[in-house]
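Have your viewer ready and your selection tool at hand. Let's take a short walk through this model, one selection at a time.

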Number of protein chains: 2
Amino acid sequence: MAAKTAITPTREQDFAEWYQEVIKAARMAENSAVRGCMVIMPWGYELWENMKGALDRMFKETGHENAYFPLFIPLSYLEKEAEHVEGFAKECAVVTHHRLEQGPDGGLVPAGELQEPLIVRPTSETIIGETFAKWVQSYRDLPLLINQWANVVRWEMRTRLFLRTAEFLWQEGHTAHETEEEAREETLRMLDVYSTFCHEYMAVPVVAGEKSESERFPGAVATFAIEAMMQDGKALQAGTTHFLGQNFAKAAEIQYQNREGAREYAWTTSWGVSTRLIGALIMTHGDDDGMVMPPRIAPSHVAILPIIRNEEDREKVMEYVESLASELRSQEYDGRAVRVVVDDRDMNAGERSWDWVRKGIPVRVEVGPRDIAENAAFYARRDLPPREKKSMPRAEFVQNIGTVLTEIQDALYERALAFRDASTRRIDSKAEFYEFFQSGGGFAVSHWNGSAEVEEQLKNDLAVTIRAMPDGPDYEEAGTCPFSGEPSRRRVIFAKSY
Amino acid sequence: MAAKTAITPTREQDFAEWYQEVIKAARMAENSAVRGCMVIMPWGYELWENMKGALDRMFKETGHENAYFPLFIPLSYLEKEAEHVEGFAKECAVVTHHRLEQGPDGGLVPAGELQEPLIVRPTSETIIGETFAKWVQSYRDLPLLINQWANVVRWEMRTRLFLRTAEFLWQEGHTAHETEEEAREETLRMLDVYSTFCHEYMAVPVVAGEKSESERFPGAVATFAIEAMMQDGKALQAGTTHFLGQNFAKAAEIQYQNREGAREYAWTTSWGVSTRLIGALIMTHGDDDGMVMPPRIAPSHVAILPIIRNEEDREKVMEYVESLASELRSQEYDGRAVRVVVDDRDMNAGERSWDWVRKGIPVRVEVGPRDIAENAAFYARRDLPPREKKSMPRAEFVQNIGTVLTEIQDALYERALAFRDASTRRIDSKAEFYEFFQSGGGFAVSHWNGSAEVEEQLKNDLAVTIRAMPDGPDYEEAGTCPFSGEPSRRRVIFAKSY
């Protein structure tokens with residue numbers, strides 16, 4: 001008999017529905033009344049703040065500075081790069097008026113039509129490019145390494161919380177360089193920063209590699225991505241970096257005087273990750289009891305739940321709880337104080353405990369009279385089954401909390417990596433490839449002749465695309481494309497994707 | 001003969017123009033090509049990040065959590081509170097379409113008209129209210145204490161960097177409470193948080209008090225503000241908190257079951273400060289040589305400028321500079337590491353030094369061969385005249401850096417306070433009042449009979465308004481309104497304002 005789970009349906013029963021239910025049960029986000037726009041709730045937002053904090057430090061350590069650019073992009077700017085506008089015109093929010101006035105039937109209607117419509121930024125290459133053109137005069141102004149934390153809007157028709165929403169939060173790096181080589185280096189450096197972040201903070205293993213032409217960012221010369229594997233075997237693109245060549249520099253006239261005194265176009269890059277990463281986190285670590293937060297980015301590390309069976313115990317229990325909380329807070333984990341929440345809500349203890357299971361807090365501690373008598377901490381780790389609880393002498397528990405959190409962080413990564421490895425297969429025959437994706441799927445590491453026709457065919461037949469073309473001996477070997485029979489210069493990663 | 005200044009014009013020559021020039025010289029922000037929208041440059045944005053960080057800690061310490069709500073507000077939501085929509089309808093960005101398509105003349109034109117126009121949030125009471133209506137069911141869900149960091153848009157016709165821009169960055173707190181008393185307490189608590197922040201972090205003295213009815217937030221029952229005095233004697237409203245009564249709760253149906261089991265409307269508040277605070281900072285501390293950054297929120301604390309006269313000295317100088325920088329960074333100021341920047345740009349030493357003067361960095365250190373020979377630090381404080389430099393033994397300088405920064409922070413506050421005190425006058429006659437504002441002005445602390453007609457008259461005659469009605473014995477005394485001759489229950493603060 002299967003144990004009862006906190007989330008219905010389970011991952012196996014209906015993965016897509018399970019995903020929505022985890023978000024709801026953990027109170028991380030919800031749909032708003034505005035089509036496609038989400039409300040990020042405190043538990044989800046604090047997670048995002050921690051992710052932002054870690055990424056921001058990594059960006060600053062690699063020499064980037066933050067700045068802020070306008071929300072609106074004049075239509076004419078967007079049109080300057082032909083492929084770019086083509087890529088974004090079909091789904092954008094267009095501002096056409098700048099006030100409201102009484103309409104004929106008494107209600108308010110848009111008034112004050114703008115001479116030129118404004119697009120709510122879907123990404124900021126064009127508007128930032130205009131500014132860079134002013135900031136960059138000489139090679140001395142390069143490299144220019146800027147990052148922006150912002151909201152962006154893409155009018156997606158079918159939306160899903162965190163994965164695909166009309167408005168989302170992200171960061172977008174925009175850099176300008178003296179040489180092609182430097183810009184290419186930057187593109188790969190930031191890809192590496194993203195991989196490191198996913199691995200070390202999110203405990204999410206990713207593969208990194210270039211995208212095929214058909215998956216390239218509109219206007220880019222080359223697009224690179226990190227791809228994570230979700231528990232349903234699908235890939236999720238968790239971040240991209242783009243080498244833009246001189247395309248956007250030419251569109252916006254980002255020119256500089258080089259060391260020889262001649263005018264030249266700069267070489268630019270852009271790169272971004274978004275609240276979509278939270279979707280990746282949920283589908284990597286979440287289980288049938290709800291969310292599982294990796295300690296390094298968890299909003300809180302420890303929930304302490306006082307168990308008060310008789311009112312006369314209240315004072316004693318709360319005293320123990322508060323002093324335990326403050327001892328834990330004085331411990332360090334990951335260079336900062338351990339984050340502790342005391343939950344004394346007026347609810348049954350079991351309910352409260354399950355609430356924290358569903359929220360995915362790394363450690364839960366229940367404190368009742370017996371624990372106080374024994375001067376112990378009765379605790380459970382979120383990476384272990386929910387009923388597997390353990391008692392430890394209080395002082396030992398406090399002293400070890402950092403170690404426990406580190407163990408949880410590592411265990412989550414190892415589990416995700418093992419899952420990915422088990423769901424990754426080197427496939428050399430078309431039949432096996434089709435069979436693999438018709439029965440579950442995962443990452444197929446297969447040869448490809450480089451043609452868009454093969455990509456198109458696989459997309460139509462199996463909804464499978466090339467996710468990344470990673471470097472390294474596992475991929476860079478000659479062989480035969482199983483789909484065309486033609487020679488292939490390398491293996492690539494195929495998968496279904498979000 | 002006047003000393004040459006780094007900023008032209010000086011404050012005395014043309015205060016408005018001086019303000020723009022300081023922002024430009026310090027590279028804090030610039031106008032973008034998008035009407036009324038600014039670009040916040042790295043030096044300005046890092047200042048904002050530090051301000052955000054301090055405010056965010058204060059919000060969290062007072063029990064608030066961050067969340068994120070949609071950028072767009074359906075027109076019908078805005079219309080639910082009659083005064084509110086009236087207040088914002090005249091200047092808002094209206095989204096009417098969700099894609100672009102080829103127009104008859106080949107260019108792109110808006111397409112996909114929305115059934116209901118969306119307003120880019122000018123403030124979020126209505127959209128957050130809709131969400132609160134779902135989150136609040138029982139008195140157990142109260143108080144609900146939420147803050148949002150976001151961008152907002154108000155289509156201002158005349159814009160000025162930081163002070164009045166179409167798009168700006170801000171935080172907006174939104175809370176719901178069980179009782180009127182609790183909501184009123186929250187309104188005053190956050191007013192106090194804002195005052196404390198301005199005083200302790202920005203070194204800007206403010207007066208806090210309720211606004212008169214004519215200056216109330218659209219839809220509020222009572223609005224409170226903190227007002228700072230700029231160096232031209234004008235007031236700048238630096239933050240507001242609003243007691244909204246049950247107005248927005250009724251508009252959005254925020255109802256809860258009270259302790260007796262009956263349904264009741266919640267009592268709500270909202271409060272916000274924005275990038276406008278940066279304008280207040282510039283006009284409080286800036287001088288004729290540029291920006292002056294208070295150490296607690298300065299992007300960097302110390303600029304070290306290597307002086308390399310001969311290439312053969314370079315290595316020795318840079319070694320000294322780097323080790324001095326790392327010693328300074330290992331010192332603590334305000335609970336964090338001292339922030340040090342080494343500026344070895346290929347520019348003349350004087351130019352580099354003046355660049356940091358204009359940017360307002362608290363401490364500049366010049367390092368040349370003589371300083372190395374003496375193992376000394378030759379430094380200047382931004383709060384003292386730019387040519388007043390001092391040499392100090394290196395170890396002593398490093399050890400004292402925190403004290404020096406504290407002294408600068410305190411000196412800036414004391415200077416601003418002295419200026420405000422000198423420009424504040426208790427005035428009891430109409431003639432003196434008119435004379436005061438016709439010749440410079442400042443804060444006039446005068447009686448007022450409470451009538452809107454008097455306010456209207458003073459606004460028309462002198463462009464003077466009531467900035468705040470502070471509590472306390474200096475204000476709460478009976479007297480005679482000098483404008484109407486009628487009895488008055490209290491003094492209020494009158495001033496010209498931004």
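The tour goes from the pair of chains to the domains of one chain.

Before you click, note that this is a predicted model, in which local features need pLDDT of at least 70, side-chain atom pairs count only at pLDDT 80 or more, and totals for chains, interfaces and linings use all residues. Residues are numbered from 1 along each chain as its sequence is written, while chains are lettered from A and ligands numbered from 1 in the order in which they are written.

**Stop 1: both chains.** Colour chains A and B separately. Chain B is superposed on chain A by a rotation of 180° with 0.0 Å of shift along the axis, at an RMSD of 0.0 Å (a least-squares fit on C-alpha atoms of residues with pLDDT of at least 70 in both copies). The two copies are thus related as by a two-fold rotation axis.

**Stop 2: the axis.** Now select B:Val95, the residue of chain B that comes closest to the rotation axis, with its C-alpha at 2.1 Å. Both copies use the same surface: 100% of chain B's contact residues recur in chain A (contact means C-beta atoms, placed from the backbone, within 7 Å).

**Stop 3: domains of chain A.** Colour 15-285 as domain 1, 302-404 as domain 2 and 424-495 as domain 3; these bounds come from an automatic or database domain assignment. In chain A, the C-alpha centres of domain 1 and domain 3 lie 29 Å apart. Each of these two domains of chain A gives 15 residues to their contact.
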